[in-house]
Amino acid sequence: MAGAVGTTAWQAWADAVDDEREAHAVRADAVARTLAARAAAVRARDARALAATLAPSAPADLVRRQHELVANLAEVPLSRWDYRPLAYDAFTLPAADGAGDRAAVAVELDYALAGFDEEPMTATQYLTFERATDGRWLLASDQDHGGGDVLLWDLGPVRVVRGRYSLVLGLRDQAALAALGAEADQAVPNVSGVWGGGWGQRTVLIAPQTADQFGTLLGADPAAFTGIAAVCTGELGAADARRTDRITVNPGAWDGLNALGRRVVITHETTHVATRAQTERWTPRWLSEGVADWTGYLGTGRTPAQTTPELGAAVSAAGPNASRLFAALPRDAAFDGGAPGTALQQAYQKSWFACRTVVERYGQPKLVALYAAVAAGGRDGTLAPDAVLDRALRATLGIGTAAFTARWRADALAALATPQARPAG
Ligand SMILES: [Zn+2]
C-alpha cells in the first residue's frame, strides 16, 4: 500500500511538472505571437493594430505611447523590426491587486535602417505580459523594470535628413539636422582618403534635443559628457564589421563648437566608425583616439601647437622637466575622464602626436598598417596588449615600443618646447 501511495504522490508531482512545463510552453508561444503582431504593426505603421496587443489592464499612458511610437517613427526608413523573447521570468514583478497571470519578459528588438544597416541593431526591453480571458498573452506594462534601452523614437518625433553618405535622425529642427548631415557628408570621403573604402562609407547620426536625452540614449549620466560634442558607439564595445555604428551628438557641446571644431569632431567620430572592424579590446586607446584625432585634424592647416594647446601649456609650465610628460604613451585609463585639469585633453593631444610621429617619419600608410597589425596581433589571444603593440610596431615601423616612445617624445618636445626660440614659419 505504501508503495502505491508513493507512486501516486510521485505521479501527481510528475503531472504537476508536466502541467507547468506545458503551461510555460503555451505562455511562450502566446507571448511570441503577441510580439510578432506588435512587430508587424510597427512595420505596417499601424498604431491601432499595435494598441490591440495591449492587455485590458494596460494604463492609459501605455496606450498613448503606442500611438506616439508609430507617429515618432513615421519618417524613419526601417528595413527590419523584429522582437525576440530572451527570457520569460526575467525580472521580479511588483505586486498588483487583482492581476491575473503575468510574465516578466526580456525582449530584444532587432531593427535596421534601410540603406544603412547591413546587420540589425539590437535593443533590450523588459515587458510585462498578462494572460487575457481568451488565452492570449497581451502587453500590460513596460514600466515594471527600470532597465532596458531607450531609442531616439522613444523620446519624440524623429526628423530625418538623408545625405549622400549620411543619415541623420534627430529631435532637433530641420536646419540643425541638415547642418550635421552636411558635416557628415564631408567627413566620409575625408576618412576614406586615409583609411580606404573597405568600410561601409556611410554614417548614421543621432541628434537628441537636450543633454538629458543624450544621457538617456547612452544610458549614462549626461554630466559625465559635458564638453564632449559627440560619441560613437564603436568606441564602447566589441567590433562587428557589418554594423553601422551610431554617432550620437551632444546638443549643447555641439552648438558651442566653431566650424573647425565641428569638422574635427565629426571626422574624429567617423574615423571610429571606419576603423571599428579593426578596433579590438587590446587596441590601445592612444592609438584608436590618436588616429581619430589625426584624421580629424588632417587638412585643417593647424600647426601642432594650435592642435595641442593644453599639452603646449603643460610643456611650458614644466620647463626643463617637460620630457617627463612624455615618459610613456597614455594608458587607457587616461581617456576615461575625471582627472583634474586638462589631463584628458593632454591624453588626446599626446595621442595625436604619436600618430604624427608615425606619419611624419614613416608615412601615412604605415599608420593604417600599424592599426591593422595591432588588431591582427591580438586575435589568437596569446599575447598581452603591450606585447601586441610592441610586435606590431616592430612589424610595421621596425622599432619596438621603447624606441617609438623616445621618437614620439622627441618629436612632441621639438614641436612644443620654447617655440619663441625656433625660427618663425
Ligand atoms: Zn574618440
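**Exercise 1. Find how many disulfides the structure holds, and explain the count from Cys232 and Cys355.**

Solution. The structure holds 0 disulfides, a disulfide being a pair of cysteine sulfur atoms within 2.5 Å. This is a predicted model, in which local features need pLDDT of at least 70 and side-chain atom pairs count only at pLDDT 80 or more, while totals for chains, interfaces and linings use all residues. Residues are numbered from 1 along each chain as its sequence is written, and side-chain values use heavy atoms, with hydrogens and water left out. Begin with Cys232: the closest cysteine sulfur, in Cys355, is 17 Å from its own sulfur, which is too far for a bond. Next, Cys232 counts as buried because its relative accessibility is 1%, where buried means under 20% relative accessible area, exposed over 50% and partly exposed in between (1.4 Å probe, protein chains only). Cys355, at 0% relative accessibility, is buried as well.

**Exercise 2. Describe the open sheet formed by 4 strands, giving the strand order and the pairing.**

Solution. The strands (DSSP runs of E, at least two residues; helices are runs of H or I, at least four, and both are numbered from the N terminus) follow the order 1-2-3-4, and their pairing is antiparallel. The edges are strand 1 (78-87) and strand 4 (137-141), each of which pairs on one side only, where two strands pair if DSSP finds at least two bridges between them. Strand 1 and strand 2 (residues 102-113) are joined in the antiparallel sense over 8 bridges, and Pro85 stands opposite Val107 in strand 2.

**Exercise 3. Classify the ring pair of Trp81 and Trp153, and locate both residues.**

Solution. A search of the whole structure finds 12 aromatic pairs; rings of Phe, Tyr and Trp (its six-membered ring) pair if their centres lie within 6.5 Å, and planes under 30 degrees apart count as stacked, over 60 as edge-to-face and the rest as tilted. The centres of the Trp81 and Trp153 rings are 5.8 Å apart and their planes stand at 50°, so this pair is tilted. It links distant parts of the chain, since Trp81 is in strand 1 and Trp153 in the loop between strand 4 and strand 5 (159-162), 72 residues apart. Trp81 is buried, with a relative accessible area of 1%, and Trp153 is buried with 3%. Finally, ring pairs link Trp81, Tyr83, Tyr111 and Trp153 into a cluster.
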